[in-house]
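Trainee: I have a new structure on my screen and I would like to learn how to read it. Could you go through it with me?

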Amino acid sequence: MLVRVAAGIIVRDDLVFIALRKSSQHQGGLWEFPGGKCEPMESPETALQRELKEECGIAVTEYSFFKTIAHDYGDKQVELCFYKVTKFDGEPVGSEGQQTAWVPVSDLPSYDFPEANKEIVADLIK
Ligand SMILES: Nc1nc2c([nH]c(=O)n2[C@H]2C[C@H](O)[C@@H](COP(=O)(O)OP(=O)(O)OP(=O)(O)O)O2)c(=O)[nH]1
Ligand SMILES: [Mg+2]
C-alpha cells in the first residue's frame, strides 16, 4: 500500500512548529511535521493547504517545495512531500487535540521523529 502524504515545515524566525502523533496513529508517539494523506487525484499542494487547515487551523499563504522522501515502513509505504511553509494566516494550534510545540531548528534532533523524517531533520539543521 503506497500512501502519498503532504507535510508542512511551518517556520517562523528560527522556530519550527511540530506536533505529536497520537499513540493510536501509524508512527504514533513520534513528532511530525503536520500534514496528511492526499485524497485520490488531489495534488500534494492542495492536500497541504487542506491538512494544515484541518489539523492546525491555519491558512497557508506562502510555501515552497522542500523535498520528497519515499520510505518503506514494512506495513506501509509512504511518499512524503515536504513543503516549507513561510507565511500563513492564523496561529497554528493542535486542532485535533494533539500536543504541539514551537522548537528552535537546532533542537529538532532531540525530538523523536519517524524514520522517514531523519533526512529532513538533518537537512534543516545544516
Ligand atoms: N503528517 C506527517 N506524516 C508523516 C510524517 N512522517 C511520516 O513518516 N509520516 C507518515 C505517518 C503516516 O503513515 C503518514 C501520514 O498520515 P497521517 O496520519 O498524517 O494522515 P492523515 O492526517 O490523513 O490522517 P488520518 O485522517 O488518516 O488519520 O505519513 C510527518 O512528518 N508528517
Ligand atoms: Mg495527519
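Mentor: Happily; we will go from the overall fold to the core, and then to the annotated site and the ligand. Keep in mind that this is a predicted model.

Trainee: Let me begin with the fold. How many helices and strands does the protein have?

Mentor: A good habit is to count the elements, then read their order. Here there are 2 helices and 7 strands, and along the sequence they run β-β-β-β-α-β-β-β-α. The radius of gyration is 13 Å, close to the 14 Å that the globule rule gives for 126 residues, so the protein is as compact as a globular protein of that length.

Trainee: What box do the C-alpha atoms fill?

Mentor: Taken along the principal axes, the box is roughly 35 × 30 × 30 Å. You can also look at how the chain comes together: among contacts between residues at least 6 apart in sequence, 66% join residues at least 24 apart.

Trainee: Does the record say anything about the chain as a whole?

Mentor: An unreviewed UniProt entry carries the annotation "domain: Nudix hydrolase" over residues 1-126. That span is 17% helix and 43% strand, and its end C-alpha atoms lie 33 Å apart.

Trainee: Now the inside. What share of the residues count as buried?

Mentor: To judge burial, count the C-beta atoms around a residue: 20 or more others within 10 Å make it buried. By that count, 28% of the 126 residues are buried.

Trainee: Which residues touch the most other members of the largest nonpolar core?

Mentor: Those are Ala-6, Ile-9, Phe-82, Tyr-83 and Val-85, in a core of 25 residues. Strands S1 (2-12), S2 (15-20) and S6 (77-89), together with helix H1 (44-56), each supply at least two residues of this core. S6 gives the most, with 6 residues. Try clicking on Val-85: leaving aside neighbours within four places in sequence, its contacts include Ile-9, Leu-52, Val-60 and Tyr-63.

Trainee: Let me turn to the annotated site. Where does UniProt place the feature "binding site"?

Mentor: The unreviewed entry lists Arg-21, His-26, Glu-32, Phe-33, Pro-34, Gly-35 and Asn-117. When you meet such a list, check the distances in space as well as in sequence. These residues span 97 residues in sequence, yet no two of their C-alpha atoms are more than 14.1 Å apart, so they gather at one spot.

Trainee: Is Pro-34 buried or exposed?

Mentor: Pro-34 has 27 C-beta neighbours inside 10 Å, so it counts as buried. You will find Pro-34 in the loop between strand S3 (31-32) and strand S4 (35-37). Beyond four places in sequence, its contacts include Ala-7, Ala-19, Leu-52 and Cys-56.

Trainee: And where does Asn-117 lie?

Mentor: Asn-117 is in the loop between strand S7 (100-104) and helix H2 (118-125). With 24 other C-beta atoms within 10 Å, Asn-117 is buried. Ser-110 lies in the loop between S7 and H2 too, but Ser-110 has 7 C-beta neighbours inside 10 Å and therefore counts as exposed.

Trainee: Last one: which residues are closest to ligand 1?

Mentor: Of the 19 residues that surround ligand 1, the closest are Glu-32, Gly-35, Gly-36, Lys-37 and Pro-114. Next, ask which elements and classes make up the shell. S1, S4 and S6 each supply at least two of its residues, and by class the shell has 9 nonpolar, 6 polar and 4 charged residues.

Note on methods:
Residues numbered from 1 in each chain as written. Chains lettered and ligands numbered in written order. Predicted model: local features only at pLDDT ≥ 70, side-chain atom pairs only at ≥ 80, totals over all residues. Core = buried A, V, L, I, M, F, W, Y, C linked by C-beta atoms within 7 Å. Buried ≥ 20, exposed ≤ 12 C-beta atoms within 10 Å, placed from the backbone. Helix = DSSP H or I, 4+ residues; strand = E, 2+ residues; numbered from the N terminus. Contact = placed C-beta atoms within 7 Å. UniProt positions renumbered as here; feature names shortened; annotations may be inferred. Near = placed C-beta within 6 Å. Nonpolar A, V, L, I, M, F, W, Y, C, P; charged D, E, K, R; others polar. Rg over C-alpha atoms; globule rule 2.2 N^0.38 Å.
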